[in-house]
Amino acid sequence: MNAPTTNDRTQALLHELFAKATNTASESLHGWTSGQITLTLDEVHELPLEEVSAQFAADEDMLTIIVLTLQGELGGQIILTFDNENGRELAATLLNRTPSEGDEWAPLEISALKETGNILACAYVHSISDLIGQKLVPSPPHFVQDFGASVLQQAVMAQAMVCDRILVGSTSFQRGETELNWRVFFVPDHNLLSEIHTTLEAAT
Amino acid sequence: MSSAVAQTNTQKTARKTEPLVGMGQTTVVTKPETTRAVLGSCVGLVLYHKRLGIGGLAHVVLPASEGRDGLPGKFADTALPHMLQSLAKLQAHSSGLVAKLTGGANMFGGNGPIQIGDSNAAALRAALNELKIPIVAEHLGGSKGRRVTLDAATGEVEIEIAGEETTTI
């Protein structure tokens with residue numbers, strides 16, 4: 001099995017696709033947070049396997065993370081990360097209360113973060129599904145607190161099986177003019193990446 | 001997990017300054033150096049020569065290369081010979097080495113794709129056994145990532161996991 005290769009033209013099309021998906025996600029999130037939060041695409045990275053951890057600010061920080069896995073033959077991962085403070089602030093915003101200071105994450109707070117992940121993932125999935133003309137099925141969201149790098153490693157594992165370069169789309173979030181310490185990563189697996197490449201190349 | 005625990009670990013896990021051993025990479029350090037990696041389902045292979053104070057760390061991603069090209073540390077069957085070669089250049093030959101294994105978590109509660117940790121560990125155990133390099137400690141499995149730091153002065157491996165006390169093997 002050979003990994004798809006990305007030339008400049010395909011890279012530009014991938015960026016366009018990710019930008020469209022991010023825009024859809026931003027519109028959904030804008031509605032979900034009553035107009036407070038938006039997101040923009042930073043980059044579509046194709047980088048060597050060994051640089052996955054180091055390339056992202058999330059590498060060694062302990063993060064609050066929502067993970068959704070695309071199930072079925074066309075797979076991948078959508079990962080939403082926050083530091084603890086930003087996660088609590090988001091939950092508080094959505095629940096219309098002040099950020100909690102207790103020891104526990106309340107089930108309602110976790111539920112609010114999971115739903116945020118769900119909304120973002122559905123927006124991404126919808127855009128990609130539209131492009132390739134195939135249904136993509138995200139799993140229920142999974143809440144974890146862990147090292148960012150260890151979660152990203154697991155997400156890129158399916159691509160690592162077949163190649164030494166990894167494609168990752170990453171975005172940043174803003175509340176008004178303020179940059180938030182949130183990130184969302186979309187990591188298609190080999191099959192989905194091949195399908196995207198095929199569709200993009202056929203369109204050129 | 002409680003936020004208090006998470007915050008405690010955030011403080012404990014402030015960024016360190018040593019270079020990080022990324023996926024598929026290997027490194028060799030001599031005392032008093034240290035080296036570290038963040039591991040999810042990948043397995044960290046540590047080889048250590050006590051008398052010389054020399055150690056190596058490989059960040060192993062997959063159990064078998066099956067003829068594929070790639071970084072030497074990416075596969076269990078190529079990482080071990082590559083590390084032995086690197087250590088031998090510093091006169092740390094296999095007869096004086098011991099091994100430690102860590103990592104291999106089943107991330108995302110076992111619901112994620114390609115839970116490869118057990119296979120990675122099994123492949124490394126078999127390869128080490130064949131070369132008669134004793135495995136003196138293992139810290140494997142679970143469902144969380146680990147930050148591991150090898151201290152070449154002692155051969156100790158410090159293991160940090162979210163929400164848990166730091167362990168040393």
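Leaving aside its neighbours within four places in sequence, which residues is A:I196 in contact with? Here are my notes for someone opening this structure for the first time; keep in mind that the model is predicted.

1. **A:I196 and its surroundings.** The residue sits in helix α6 of chain A, which covers residues 190–203. Once the neighbours within four places in sequence are set aside, A:I196 is in contact with A:L17, A:L131, A:I132 and A:P188. A:I196 counts as buried because 23 other C-beta atoms lie within 10 Å, and the cut-off for that label is 20 or more. Have a look at A:L13 too: A:I196 and A:L13 are 183 residues apart along the chain, yet their C-alpha atoms are separated by 9.9 Å.

2. **Helix α3 of chain A.** Next, go to residues 84–95, a helix of 12 residues. From first C-alpha to last, α3(A) reaches 17 Å, close to the 16 Å expected at 1.5 Å a residue. Its buried residues are A:G87, A:R88, A:L90, A:A91 and A:L94. These lie on the same side of α3(A), because they cover an arc of only 160 degrees around the axis. The cover over them includes β2 (62–71), β3 (76–82) and α4 (107–132) of chain A. Right after the helix comes A:N96, with a positive phi near 55 degrees.

3. **Helix α4 of chain A.** This one has 26 residues and should span 38 Å at 1.5 Å a residue; the end C-alpha atoms are 36 Å apart, which agrees. The buried residues of α4(A) include A:E109, A:T116, A:N118, A:L120 and A:Y124. Just past the end of α4(A), A:G133 takes a positive phi of about 70 degrees.

4. **The largest nonpolar core.** In soluble globular proteins, nonpolar side chains tend to be buried together. Here the largest nonpolar core has 99 residues. Those with the most contacts inside it are A:I79, A:L120 and A:Y124 from chain A, along with B:L45, B:V60 and B:L124 from chain B. If you want one to click on, try B:L45: not counting residues up to four places away in sequence, B:L45 touches B:A58, B:V60, B:A79, B:L80, B:A99, B:L101 and B:L124.

5. **Chain B in outline.** There are 3 helices and 9 strands in chain B, and along the sequence they follow the pattern α-β-β-β-β-α-β-α-β-β-β-β. Of its 169 residues, 48% are buried. Among contacts in chain B with a separation of 6 or more, 67% join residues 24 or more positions apart.

6. **The sheet of 5 strands.** One open sheet in chain B runs in the order β1-β4-β3-β5-β6, with mixed pairing. At its edges are β1 (26–30) and β6 (135–140), each pairing on one side only. From one strand to the next, the twist averages 15 degrees. Inside the sheet, β3 (residues 43–49) and β5 (residues 97–103) of chain B pair in the antiparallel sense over 7 bridges. One bridge to look for links B:L47 to B:A99 in β5(B).

7. **Helices on that sheet.** Helix α3 (residues 117–130) of chain B packs on the sheet, touching β3, β4, β5 and β6 of chain B, and its direction makes about 25 degrees with that of β3(B). Helix α2 (residues 76–88) of chain B lies across β1, β3, β4 (54–60) and β5, running at about 160 degrees to β4(B).

8. **The sheet of 4 strands.** Chain B also has an open sheet ordered β2-β7-β8-β9, with antiparallel pairing. The edge strands are β2 (34–39) and β9 (167–168), since each of these pairs on one side only. Between β2(B) and β7 (residues 146–151) there are 6 bridges. To follow the register, note that B:L39 has B:R146 as its bridge partner, while B:T34 stands opposite B:D151.

9. **Strand β7 and its hairpin.** Is β7(B) enclosed or exposed? 5 of its 6 residues are buried, so β7(B) is largely enclosed by the rest of the structure. β7(B) also pairs with β8 (residues 157–161) of chain B, antiparallel, over 5 bridges, and there B:T149 stands opposite B:E158. The hairpin of β7(B) and β8(B) has 5 residues between the strands, and in it B:G155 takes a positive phi near 80 degrees.

Note on methods. Residues are numbered from 1 along each chain as its sequence is written. Chains are lettered from A and ligands numbered from 1 in the order in which they are written. Helices (H or I, at least four residues) and strands (E, at least two) are DSSP runs, numbered from the N terminus. The expected span of a helix is 1.5 Å times one less than its number of residues. A residue is buried if 20 or more other C-beta atoms lie within 10 Å of its own, exposed if 12 or fewer, and partly exposed in between; C-beta atoms are placed from the backbone. The arc is that of the directions from the helix axis to the C-beta atoms. Two residues are in contact if their C-beta atoms, placed from the backbone, lie within 7 Å. A nonpolar core is a set of buried Ala, Val, Leu, Ile, Met, Phe, Trp, Tyr and Cys residues joined through C-beta atoms within 7 Å. Two strands pair if DSSP finds at least two bridges between them. Axes are lines fitted to C-alpha atoms, for helices over the stretch in contact, and angles run from 0 to 180 degrees between N-to-C directions.
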